[in-house]
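Welcome! Here are some exercises for getting to know a new structure, each followed by a worked solution. Try each task yourself before reading on.

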Amino acid sequence: MVLVDFSLAFNCVQHKILANKLNSEFLFFPDACGLISSFLGGRSQAVRLGNTTTAERGVPEGTPQGSCLSALLFSMYINSLPTTLTCSWHLYADDLQIYLSGPIAEIDRLVHIINKILQQ
């Protein structure tokens, strides 16, 4: 069994891939896709420590933290992940559990298989 925690993966959502999924898999209207793109795009960040602030830097990927829409968009982004898995799985929010079973004598083979699944 392998437990995968996607809690920081919200920062890795690629906007173009999400937009394509919303359009093709979820059949969002173009205006709705544009609204989501507006929500995700044009963001920047800076760090402040005491009286010193760094220059702003663009944030080309990810979803805004703390937004309930971000969690929904992430779930939609990874919804097709289980279709690529060739083992048993459970997916809930930002946690994925994948597992195989077999005799202890085949543990090396099972570990090899699950590692290949993780690479996909």
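**Exercise 1. Find which residues of helix 1 and helix 2 meet, and describe how the two helices cross.**

Step 1. Keep in mind that this is a predicted model. Start with the residues that touch: on the helix 1 side, look for His15, Leu18, Ala19, Leu22 and Asn23. Their counterparts in helix 2 are Cys33, Ile36 and Leu40.

Step 2. Sort these residues by class. You should get six nonpolar, two polar and no charged residues in the contact of helix 1 with helix 2.

Step 3. Turn to the axes. Those of helix 1 and helix 2 come within 10 Å and cross at roughly 160°. Angles over 145 degrees count as roughly antiparallel, so helix 1 is roughly antiparallel to helix 2. The crossing of the two is right-handed.

**Exercise 2. Work out how helix 1 is oriented against helix 3, and which residues make the contact.**

Step 1. Locate helix 1 at residues 15-24 and compare its axis with that of helix 3: the axes come within 9 Å and cross at roughly 80°.

Step 2. Because 65 to 115 degrees counts as roughly perpendicular, helix 1 is roughly perpendicular to helix 3.

Step 3. Now list the partners. Helix 1 brings Ile17, Leu18, Lys21 and Leu22, and helix 3 brings Leu73, Met76 and Tyr77. By class, this contact of helix 1 with helix 3 has six nonpolar residues, no polar ones and one charged.

**Exercise 3. Describe the packing of helix 2 and helix 3.**

Step 1. Helix 2 spans residues 30-40 and helix 3 spans residues 68-78. They pack at an angle of about 120°, and their axes are 12 Å apart.

Step 2. Check the handedness: helix 2 passes helix 3 in a left-handed crossing.

Step 3. Look at the contact itself, where Ile36, Phe39 and Leu40 of helix 2 meet Leu69, Ser70 and Leu73 of helix 3. Five of the residues in the contact of helix 2 with helix 3 are nonpolar, one is polar and none is charged.

**Exercise 4. Find the aromatic pair and say which parts of the chain the pair links.**

Step 1. The structure holds one aromatic pair. Its members are Phe10 and Phe74.

Step 2. The ring centres are 4.5 Å apart, with 15° between the planes. Planes under 30 degrees apart count as stacked, so the pair of Phe10 and Phe74 is stacked.

Step 3. Place both residues: Phe10 lies in the loop between strand 1 and helix 1, while Phe74 belongs to helix 3. The pair thus links distant parts of the chain, 64 residues apart.

**Exercise 5. Put the strands of the sheet in order and find the edges.**

Step 1. The sheet is open and has three strands in the order 1-7-6, with antiparallel pairing. Strand 1 (2-5) and strand 6 (88-92) each have a single partner strand and stand at the edges, so one side of each has no neighbour in the sheet.

Step 2. Follow the pairings. Four bridges join strand 1 to strand 7 (residues 95-99), and strand 6 pairs with strand 7 over five bridges. Gln97 in strand 7 has Leu3 opposite, and His90 stands opposite Gln97 too.

Step 3. Trace the hairpin of strand 6 and strand 7, which has two residues between the strands. Ala93, in the turn, has a positive phi of about 55°.

How values were computed. Residues numbered from 1 in each chain as written. Predicted model: local features only at pLDDT ≥ 70, side-chain atom pairs only at ≥ 80, totals over all residues. Heavy atoms only, no water. Axes fitted to C-alpha atoms, helices over the stretch in contact; angles between N-to-C directions. Left-handed = near helix turned anticlockwise from the far one by under 90°. Contact = heavy atoms within 4.5 Å. Nonpolar A, V, L, I, M, F, W, Y, C, P; charged D, E, K, R; others polar. Pairing = 2+ DSSP bridges. Parallel < 35°, antiparallel > 145°, perpendicular 65-115°, else oblique. Phe/Tyr/Trp six-rings, centres within 6.5 Å; stacked < 30°, edge-to-face > 60°.
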